[in-house]
Amino acid sequence: MPKPLYGNKGRNKRESSGPLRAGDEVSSGDWITLSPDATMSDDMRFDEVLAAFAQEIGALDAERFDAPSGTRDMVASSFIEAATSRLELDCEAAWIELLQEIVEEQACIPLGCNDDEASAVGAKRVIVALLRRRVLCNRPPPPHPLAPGDDVLAVLAEDGEWHQAKILPSNSDLCPAGSSADKPIHGSAVLVRFLEWGKVQRTAAQEVTRLASAVDDDDGDASAAATRESHGVCQMCARTTRLTFHHLVPKETHHRYLGKGLPEGLLDEVPIAEPTHHFLHSHGVLLCRPCHSTVHRFAPNGVLAQRFHTLERLLAQEPLQKWAKYAAKSLKH
């Protein structure tokens with residue numbers, strides 16, 4: 001099993017000694033999450049956020065940002081509270097929405113010249129400043145450690161397919177002598193029990209994934225629910241196996257487009273595209289579970305919606321091409 005694919009992990013390396021100016025590069029990568037830097041105390045994080053905001057927001061409206069009412073402290077505190085509590089903050093679009101909410105809606109300080117596009121550019125500048133100060137990072141959120149009792153998907157040794165299972169304690173007495181659970185596995189491994197057959201198996205950690213993180217992004221959709229249990233040809237690796245439905249514009253991002261517009265370029269490539277519930281919920285592809293999970297590890301949902309909203313765009317990415325070749329050759333049908 002190859003290492004997880006996470007898309008662009010590089011940080012913006014542009015050095016700066018002052019606020020970004022019009023025309024400056026503001027690209028900040030695909031994954032953007034709160035930095036897990038254990039060496040940064042709460043006070044240090046607050047100071048770094050305050051400094052980044054003073055650098056970019058203060059440059060736009062110094063009088064209001066430095067007001068004696070404590071606006072700057074309120075903005076920084078509100079940002080940190082939201083950043084540490086909202087799990088959906090994983091890409092540029094999500095952080096832009098948060099900054100617009102806190103800075104423009106709550107503090108009434110414009111991030112741009114009263115224009116949506118200028119506001120987004122202003123928010124990007126703040127994001128870059130936060131990345132440089134290591135408040136944010138270009139890494140996917142760390143996975144939660146598996147624990148006994150967790151519901152997971154695991155690869156069954158007999159067929160090489162993913163099936164629902166439950167994590168058992170490593171010293172469980174449910175492990176029969178001479179079973180596959182007794183066989184040594186190089187690297188970390190976990191003990192699982194497959195729900196359908198009751199079989200206990202010791203499984204390599206990379207072949208176990210938390211069920212909550214692997215559930216199809218079609219929950220609540222009746223037609224897609226039926227698809228989850230169907231078999232057919234995966235549109236990525238071309239294996240004939242159990243299929244899941246992948247929304248090319250992930251459901252988590254639909255609120256950004258419903259009745260408003262479509263991701264840039266989508267209408268050019270899909271002429272029937274429209275920002276409606278019907279289209280966004282039906283625009284998708286059928287992928288096997290491993291390919292589906294790999295796509296969601298490749299980039300956060302906001303980036304998948306913005307840049308990888310067709311099958312052709314996904315298959316044009318070299319990391320996904322390599323994965324598809326591996327899956328077609330190495331995973332069982």
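Cys 108 sits in the loop that runs between helix H4 (92-106) and helix H5 (116-132), and in this predicted model its phi is near 60 degrees, a positive value in a residue other than glycine. Beyond this loop, the model holds an open sheet of five strands and five aromatic pairs, which are taken up by topic below.

**Loop residues with positive phi**
- Cys 108 is partly exposed, because its relative accessible area of 45% falls between the limits of 20% for buried and 50% for exposed residues.
- Ala 238, which is likewise not a glycine, has a positive phi of about 65 degrees, and its place is in the loop between strand E8 (231-233) and strand E9 (240-247).

**The open sheet**
- The five strands of the open sheet follow the order E6-E5-E4-E3-E7, and their pairing is antiparallel.
- Strand E6 (200-204) and strand E7 (208-210) stand at the edges, and each has a single partner strand, so one side of each is left without a neighbour in the sheet.
- From one strand to the next, the twist averages 45 degrees.
- Within this sheet, strand E4 (residues 162-168) and strand E5 (residues 189-194) run antiparallel and are joined by four bridges, and Ile 167 has Val 192 in E5 as its bridge partner.
- In general, the strands of a sheet pair through backbone hydrogen bonds, in either a parallel or an antiparallel manner.

**Aromatic pairs**
- The structure contains five aromatic pairs, and ring pairs link Phe 53, Phe 79 and Trp 95 into a cluster.

Notes
Residues numbered from 1 in each chain as written. Predicted model: local features only at pLDDT ≥ 70, side-chain atom pairs only at ≥ 80, totals over all residues. Heavy atoms only, no water. Phe/Tyr/Trp six-rings, centres within 6.5 Å; stacked < 30°, edge-to-face > 60°. Helix = DSSP H or I, 4+ residues; strand = E, 2+ residues; numbered from the N terminus. Buried < 20%, exposed > 50% of the residue type's maximum accessible area, 1.4 Å probe, protein only. Pairing = 2+ DSSP bridges. Axes fitted to C-alpha atoms, helices over the stretch in contact; angles between N-to-C directions.
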